[in-house]
Amino acid sequence: SLNNGELVERSNITAGKLSANQDIDLADGMIHYFTTQETTTALPNIRVDGSTTLNSVMDAGDVVSVTVVTTAAAAGYSANWTIDGNAVSEQWNGGSAPSAGGSDGFDIYTLTIVRKATGTGDTGWLMFANVSNFT
């Protein structure tokens, strides 16, 4: 959206942890920050909102970038993600999914989602994923 002549991107700040708020609603913004320290793994689900799927608004060749920031803990991380409730095989930077979260600070997940074709899961999507641990 444009606001006073500047490009503004919305973010969503959740007073909670990702593992307890696993739906990432892009209608709320492309950057999601969870303020409560994680205690367990999460299986986040990316969608537009509770009544609109990402599948219904993206065409082949469309791309969306999503950033998710969590308050780090070694036991809390997200190695698997879904789109509209369907599993997608992430292509992790470095070749493998995380097996632990950072010891403190923040874990920042950056996802680039490419619409390949009509379909769900791996037939419809490519997901390039990266995680950085900041203290």
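The radius of gyration used here is taken over C-alpha atoms, and the globule rule sets it at 2.2 Å times the number of residues to the power 0.38. The model on screen is a predicted one.

**Whole chain**

Start with the protein chain shown as a C-alpha trace. For 135 residues the rule puts a compact globule near 14 Å; the chain has a radius of gyration of 15 Å, which agrees. Turn the trace along its principal axes and the spans come to about 40 × 40 × 25 Å.

Switch to a cartoon and colour by secondary structure. There are 12 strands and 1 helix. Reading from the N terminus, eleven β elements are followed by the α element and then a closing β, in the order β-β-β-β-β-β-β-β-β-β-β-α-β. Among contacts with a separation of 6 or more, 60% are between residues 24 or more positions apart.

**Surface and charges**

Now display the surface. Its accessible area is about 6,900 Å², and carbon and sulfur atoms hold 49% of that. Of the 135 residues, 39% count as buried. Select the charged side chains next: the chain has 5 positive and 14 negative charges, and the mean positions of the two sets lie 5 Å apart.

**The nonpolar core**

Hide the surface and select Ile46 and Val66. These two have the most contacts inside the largest nonpolar core, a set of 23 residues. Colour strands E7 (63-71), E8 (81-83), E11 (106-115) and E12 (125-134), the elements that each give two or more residues to this core.

Which residues does Val66 touch, not counting those up to four places away in sequence? Show side chains for Ile24, Leu26, Met30, Tyr109, Thr110, Leu111 and Ile113; these are the partners of Val66.

**Asp84**

Go on to the loop between E8 and strand E9 (86-88), where Asp84 is placed. Check its backbone: phi of Asp84 is near 55°, a positive value in a residue other than glycine.

**Gln91**

The last stop is strand E10 (residues 90-92), which contains Gln91. Is Gln91 buried, partly exposed or exposed? The cut-offs are under 20% relative accessible area for buried and over 50% for exposed, with partly exposed in between. Gln91 has a relative accessible area of 40%, so this residue is partly exposed.

Add Met127, Phe128 and Ala129 to the selection: Gln91 is in contact with these three, leaving aside its neighbours within four places in sequence. Finally, draw a distance from the C-alpha of Gln91 to that of Gly76, 15 residues apart along the chain; the separation is 20 Å.

Definitions and conventions:
Residues are numbered from 1 along each chain as its sequence is written. This is a predicted model: local features need pLDDT of at least 70, side-chain atom pairs count only at pLDDT 80 or more; totals for chains, interfaces and linings use all residues. Side-chain values use heavy atoms; hydrogens and water are left out. Helices (H or I, at least four residues) and strands (E, at least two) are DSSP runs, numbered from the N terminus. Buried means under 20% relative accessible area, exposed over 50%, partly exposed in between (1.4 Å probe, protein chains only). Contact means heavy atoms within 4.5 Å. Accessible areas come from the Shrake-Rupley method with a 1.4 Å probe; for residues, only the protein chains shown count as cover. Lys and Arg count as positive and Asp and Glu as negative; His and the chain ends are not counted. The place of a charge is taken as NZ of Lys, CZ of Arg, CG of Asp or CD of Glu. A nonpolar core is a set of buried Ala, Val, Leu, Ile, Met, Phe, Trp, Tyr and Cys residues joined through side-chain atoms within 4.5 Å.
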